Amino acid sequence: MSEWRECTLGEVAEINPGERLQKGTLAKKVAMECLQPFTKKIEVYSRKEYKGGAKFKSGDTLMARITPSLEHGKTAFVDILDEEEIGFGSTEFIVLRAKKDVLDRHFLFYLSTSPTLREIAIKSMTGSSGRQRVQTNVVKEYLFYAPPLPEQKAIAGILSSLDDKIDLLQRQNKTLEGLAETLFRQWFVVEAKGEWEERPLSSIATFLNGLACQKYPPKNEIDRLPVLKIKELREGFTDNSDWATSEVDDKYLVQNGDIIFSWSASLLVKIWAGGDCILNQHLFKVTSDEFPKWFYYQWSKYHLDQFIAIAQAQATTMGHIKRGDLDKALVLVPSNEEIEKMSRSFDSLIDKIIANNKQLMSLETLRDTLLPKLISGEVRVK
C-alpha cells in the first residue's frame, strides 16, 4: 500500500461546496425521504422553486447528517441532473464533491458509505436526542488512505457493477409486482363473476400478531435472531436493530418468502427477503392452509389503501387498524378449479420475486462485505 497516501477527506473533496442559485429559481428538489439506505440512485425528485437548502451538482454525493437518517445509511449519488444544472434539498444533507484528478466521484460515494467513516460521523453527533446532527468538520477531517486514481476507479467499478445488478433485480421485482397486480385486478375486479363466494379477508388467512420481543432477550450470542419491527420491514436490518432469543414458538419465526403485514404506523404488505428473524408486535405474519400465497397476498394489498385511510382517520400519533377491519374487508373466492388455473400464472410471478429476493440478499451481502475491504486496501484490485 506504499502508493496509497494518507489524507483528510477535506483535502481531496469539497464539503458543502457553495453554488450560486437565486431564490425563486426552478430547480430539481430532492427530499430527505428520497435517500434510501446505501443506494446509488435517486428515483424520486421534483422540479420546484428554490427557497433555500443544500445545493449540489451532478456527480456529488448526498449524505444524511441527522438522526435517524444517517444511522439508516441514507445516502445517494447525484445522477439526475444535467452537467450544468443545480439541485437543492434539505439542509440536513452533507454534500460531498470529489476534487478533479484527485478523487474519483464514484469512489467518494462508496467511501461515504464505508462503516469506518459512518461510525466516526455517528459518534460526532451532537444536539438533543431527537434531532442530533453530524459535525461537518469531523467529516472534513476524516483521515484515510487514498489509493491512486486508477485504483480508485477500479474499486468503484467493482462496487458499481454489484449495485447495477442489485438495481436491475429490484426493477425486475417492481415489474413483476406490477404484472401480478394488473392480472389480479383484471380477474377479480373487471372480470369478477357473480357466483363467486364473498368472504371476509380474515377468513382466508391467519393474521398472526408478533411478540413483545423485549420480553424475550437473547440468552447468549449464538441462540438469537434479529427482531423484525416496522422500521426493519421498510429499510432492512441495521447495527441498531434489536435481537431476541431464537427459543420462541416456531410460528413467530420469519423466513424469506413469508408475507408480512404492518398494521400500525407505516402500513404495508411485503414479501419478506431479509433473512431469518423474530416477528415483533404491530406486524402480522400472514399464512393460510386453505389458499395459495398469491391469493391472500394480493387481497391484502388490494385492501391496503382502505386500511391506510382507516389508520389515518384515527386521532392518534400512531394510526393502526383493528382485527375488525380485516373482518369488514371482503374478498371474492372462485372455485377450487379456477384458483388452481389462476395459480399457474400467479405462482410463477411470486416464485420469480422470491428467487430475485434471494439473489438480491446474496449480492447485497457480497457488496457490504467487499466495500470496507476494498476501501481500506485489505483487498486489492489492479
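**Exercise 1.** Which residues of the largest nonpolar core touch the most other members?

*Solution.* The model is predicted; local features need pLDDT of at least 70, side-chain atom pairs count only at pLDDT 80 or more, and totals for chains, interfaces and linings use all residues. Residues are numbered from 1 along each chain as its sequence is written, and side-chain values use heavy atoms, with hydrogens and water left out.

Step 1. A nonpolar core is a set of buried Ala, Val, Leu, Ile, Met, Phe, Trp, Tyr and Cys residues joined through side-chain atoms within 4.5 Å. Buried means under 20% relative accessible area, exposed over 50%, and partly exposed in between (1.4 Å probe, protein chains only).

Step 2. The largest core has 38 residues, and the most other members are touched by Phe 188, Leu 201, Ile 204, Phe 261 and Trp 299. Helix 11 (residues 336-376) gives the most to this core, with six residues. Helices (H or I, at least four residues) and strands (E, at least two) are DSSP runs, numbered from the N terminus.

Step 3. A separate second core holds 34 residues, among them Trp 4, Val 12, Leu 70 and Phe 77.

**Exercise 2.** Place Phe 261 by its contacts and its bridge partner.

*Solution.* Step 1. Contact means heavy atoms within 4.5 Å. Leaving aside residues up to four places away in sequence, Phe 261 touches residues including Phe 207, Leu 268, Val 269, His 282, Phe 284 and Leu 326.

Step 2. Val 269 in strand 17 is also the bridge partner of Phe 261. Two strands pair if DSSP finds at least two bridges between them; strands 16 and 17 are antiparallel, with four bridges.

**Exercise 3.** Describe Ala 265 and Asn 16 by phi, location and exposure.

*Solution.* Step 1. Ala 265 is not a glycine, yet its phi is positive, about 65 degrees. The residue lies in the loop between strand 16 (259-262) and strand 17 (268-271), a hairpin with five residues between the strands. Its relative accessible area is 40%, so Ala 265 is partly exposed.

Step 2. Asn 16 has a positive phi near 50 degrees and sits in the loop between strand 2 (13-15) and strand 3 (26-30). With a relative accessible area of 35%, Asn 16 is partly exposed.

**Exercise 4.** Which strands are the edges of the open sheet with the order 14-13-18-15?

*Solution.* Step 1. This sheet has four strands and mixed pairing. Strand 14 (243-245) and strand 15 (253-254) each pair on one side only and are the edge strands.

Step 2. Strand 15 pairs with strand 18 (residues 277-279) in the antiparallel sense over two bridges. Here Val 254 stands opposite Cys 277.
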